[in-house]
Amino acid sequence: MEKINEDLWLKILQFLPMIDQISLAQVNDSIREYVKYYWRLSKSVTLTGDVMELFGAHEPLMLEGLECWSGSVKSLKISRGSMELLKKWTPYSFPQLRTLACEMDYNLEEADDETLLLTNLFPLLTRLTLTSSTTGCHLWRWKLLKELHLIWCEYLDTDTFKEIFSTLQLTKLTLLYYGYNVTLGEDVLEAARCSTLEELQIDDHHLLGDFLPQLLRLPNFRRLSFYTRDYYEYLLDSIAKIQPLKVRSLLFHDSYWSSELVTDAIEVMRNLRRLVLQDDDIESQLLHTICHKLPHLEELHLLKMRDLPSPVQLWKMVGACPTLRILNLSSTKLCYQMVQPSTTMAKVLLHRNAPLTLHLHDTGLDPQRVLPDLEHPNLKISFEPIELNIWSSRFVEIEFNPDS
């Protein structure tokens, strides 16, 4: 180990989890100095549950790490944090820290004292993801917060909402219980006080009543994502009635289920540019009808589908949508018959005004076999993935154009 130079140590440490970095620091003084030097350069630190447990048993190790991280770290993730342990962090300041993801041990008696401690330890946060027993008290003390993500904070007191949402100039907000039997009631309307709000993630049942119409009236609101079990049809129908022409993108993850009610709602969203169905069902005729009714659709993503239209149906659907630029069939296992040249395919491609890109990432198809067969000036083939933000099962994401 003595023959490994500093540059190589820094490279090695990049690939090691924190618990292994700490173990290396205990080998000898020379390696310890390399680890500490690496820590002083670190911009992002993740302290998992086993690391926090180790710190609880060996406080000097924790203090040594804090001395190194405090001056440089911009992003910090803490799992299984405790009030007792974090109190020992107070001698250190974190002037660079802007992003905190913190999962605290549940502690109803000291929950708000924990929040107050976090505001004192990390006063300059602009992004906070919190799982704890907090009631919401003291959250407004983070005056610079732009993103607030409260996940499984099942003891939130809605009486704190007015102070939070009238004080903070949030652009992104998450209030998620994943369908758990928590009802925020009419006090959730206070979130619409944030005139700066652009994005919201929430459980579907909190959007009932007047909350959804108020969100859609916010001047900069552009993305709504909701975990859904029961109300997706009602919510899509409501948006179709209130502001259908503002919708530019729809993403369904295990939440479409070939619903004719949702299909009817989509058909009036005539400015829709992107439609994504992942791990879902849709009847071929419904898909064809949707494409025919949407004059500006540019992207259609059919991912991990349980069933796809036949090749003839698929290309007729493309023919019904002349503005389509991207057809993404990635992550669905395909047979070669799905992409074999055909009379229908040739006719559709011939009448296109612009090329169509067909994405076939992770379909089981061999590029060397597919590419020579599908050469056409109006068809491009890609085996590269398109990254989508799939954050849960059973959710709907709606993007709006605020200027429409």
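## What a pocket is

A pocket is an open set of grid points with protein on both sides within 12 Å along at least five of seven lines. The structure described here is a predicted model, and two of its pockets are taken up below, followed by one of its helices.

## The second largest pocket

The second largest pocket has a volume of about 200 Å³. Its lining is made up of 15 residues, and those closest to its centre are L16, P17, M18, Q21 and T46. The elements that each contribute two or more residues to this lining are α2 (18–25), β1 (44–47) and α4 (49–57). Sorted by class, the lining of the second largest pocket holds eight nonpolar residues, six polar ones and one charged residue.

## The largest pocket

The largest pocket encloses about 670 Å³ of space. It is lined by 32 residues, and R127, T129, H149, T174 and Q201 lie nearest its centre. Several strands give two or more residues to the lining, among them β2 (75–81), β4 (127–131), β5 (147–151) and β15 (395–400), while β3 gives the most, with five residues. The lining of the largest pocket has 12 nonpolar, nine polar and 11 charged residues.

## The two sides of helix α14

Helix α14 spans residues 343–350, and within it M345, V348 and L349 are buried. These buried residues line one face of the helix, because they fall within an arc of 95° when α14 is seen down its axis. On the other side of α14, T343, K347 and L350 are exposed. The cover over the buried residues of α14 includes α13 (311–319) and β14 (379–382).

Notes
Residues numbered from 1 in each chain as written. Predicted model: local features only at pLDDT ≥ 70, side-chain atom pairs only at ≥ 80, totals over all residues. Heavy atoms only, no water. Buried < 20%, exposed > 50% of the residue type's maximum accessible area, 1.4 Å probe, protein only. Helix = DSSP H or I, 4+ residues; strand = E, 2+ residues; numbered from the N terminus. Arc of directions from axis to C-beta. Contact = heavy atoms within 4.5 Å. 1 Å grid on protein atoms, 1.4 Å probe; cavity = no way out; pocket = protein on both sides within 12 Å on 5 of 7 lines; lining within 4 Å. Points joined across faces, edges and corners; volume = space filled by probe spheres on them. Nonpolar A, V, L, I, M, F, W, Y, C, P; charged D, E, K, R; others polar.
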